[in-house]
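Me: I would like to go through this model and ask, label by label, what each one rests on.

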Amino acid sequence: MNLLFTLNENYLEPLFTSLHSIFRSNDKEKMTIYLMHQNIPHNRIIEVNDFVTGNGHTFFPIDCKKLFSEEAVVNRYYSIEMYYRLLAPFVLPLEIDRVLYLDPDIINLRSFSSFYKQDFDGKLFVATTHDYATKWIQPINNIRLGTLSSEDYFNTGVILMNLTLIRSTRNREEIITAIKINKNRLVLPDQDIFNHLYWNEVKEADWRIYNLDARFYSQLKRVFPRKFSIEWVEEKVVFIHYCGKHKPWIERESYRHELGGYYHYFEDILKQENELNLMIEENE
């Protein structure tokens with residue numbers, strides 16, 4: 001399976017934890033990990049390579065320094081790396097026909113093989129909405145993004161890409177042009193561009209299973225306690241997404257959402273394994 005991440009050096013630590021959860025939850029699968037980045041130091045890229053290959057998978061870093069011009073600058077809350085996922089179909093090797101993009105602030109609880117291998121049903125992408133957060137402003141988004149017929153606003157944290165069809169029907173120039181023309185009206189820049197260009201070419205997946213927002217789970221549990229419980233999470237959920245400014249690896253025990261425990265679980269296991277490996281190396 002082909003997985004894609006796009007990030008800067010600040011997100012390397014959560015990337016390791018995310019990858020650790022993926023490798024443990026899909027132990028029968030072989031992964032090829034693509035990392036689109038700019039300016040991550042070479043020694044840190046080597047760390048990622050060693051981690052990925054040490055777990056029996058393949059790693060391909062892609063230097064994207066020249067992917068965008070200065071005209072594609074974003075505001076101070078976002079990094080240029082967020083746009084890389086949009087251009088991925090035109091940067092990744094031509095021999096791969098699909099790739100699953102994941103934000104690095106995601107934890108994987110169980111195999112996603114069936115999700116990855118699903119039929120696109122003629123669509124360019126598979127993604128989820130977070131309609132609980134966007135339905136009240138959907139009319140505004142439709143006007144702002146020129147998507148008047150759209151009933152959804154898709155989240156770009158989990159995107160399965162139909163690379164073959166994207167390459168044959170779309171082009172990178174339309175993405176660059178859309179960013180330049182709309183940059184002053186973008187709120188969530190890459191997500192806005194994704195919805196602006198592709199709103200009617202996305203197959204929708206269930207966000208509660210494949211992109212569960214850790215913030216909203218608490219509300220689900222409170223309103224529907226019989227259905228949404230930790231038992232339900234452990235039986236059904238594939239990806240937990242730690243959306244928003246508050247992150248479990250930063251706030252640690254102060255992180256207020258219950259599902260932060262899953263991030264800490266995989267982080268702690270990874271630390272224990274690293275400490276054990278270090279001890280073995282010192283005693284050899």
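Me: How many cavities of 30 Å³ or more does a search of the whole structure find?

Reply: This is a predicted model, and the search of the whole structure finds 1 cavity of 30 Å³ or more. About 40 Å³ of space lies in the largest cavity.

Me: Which residues line the largest cavity, and how do they divide by class?

Reply: The lining consists of Arg 85, Leu 86, Pro 89, Phe 125, Ile 159, Met 161, Ile 166, Phe 194 and Tyr 198. By class there are 8 nonpolar residues, no polar ones and 1 charged residue; Arg counts as charged, whereas Tyr counts as nonpolar. At least two lining residues come from each of α3 (84-87), β7 (154-162) and α9 (189-198).

Me: Why is the pair of Phe 112 and Phe 239 called tilted?

Reply: The structure holds 16 aromatic pairs. In the pair of Phe 112 and Phe 239, the ring centres are 5.3 Å apart and the planes stand at 40°; the centres are therefore within the 6.5 Å that a pair requires, and the angle is neither under 30 degrees, as for stacked rings, nor over 60, as for edge-to-face ones. Both Phe 112 and Phe 239 are buried.

Me: What makes this pair a tie between parts apart in sequence?

Reply: Phe 112 belongs to the loop between β5 (106-108) and α4 (113-116), while Phe 239 belongs to strand β10 (residues 239-241), so the pair ties together parts that are 127 residues apart in sequence.

Me: Why do β5 and β9 count as standing at the edges of the sheet?

Reply: The open sheet is formed by 3 strands in the order β5-β10-β9, with mixed pairing. Each of β5 and β9 (212-213) has a single partner strand, so one side of each is left without a neighbour in the sheet. How do you know that β9 and β10 pair? They are joined in the parallel sense over 2 bridges, and at least two bridges are what a pair requires; His 241 in β10 is the bridge partner of Asp 213.

Me: Why is Asn 39 called exposed, and what is its phi?

Reply: Asn 39 has 53% relative accessibility, and because exposed means over 50%, Asn 39 counts as exposed. Its phi is positive, about 70°, although Asn 39 is not a glycine, and most residues other than glycine have a negative phi. Asn 39 is placed in the loop between β2 (32-37) and α2 (42-54).

Key:
Residues numbered from 1 in each chain as written. Predicted model: local features only at pLDDT ≥ 70, side-chain atom pairs only at ≥ 80, totals over all residues. Heavy atoms only, no water. Phe/Tyr/Trp six-rings, centres within 6.5 Å; stacked < 30°, edge-to-face > 60°. Helix = DSSP H or I, 4+ residues; strand = E, 2+ residues; numbered from the N terminus. Buried < 20%, exposed > 50% of the residue type's maximum accessible area, 1.4 Å probe, protein only. 1 Å grid on protein atoms, 1.4 Å probe; cavity = no way out; pocket = protein on both sides within 12 Å on 5 of 7 lines; lining within 4 Å. Points joined across faces, edges and corners; volume = space filled by probe spheres on them.
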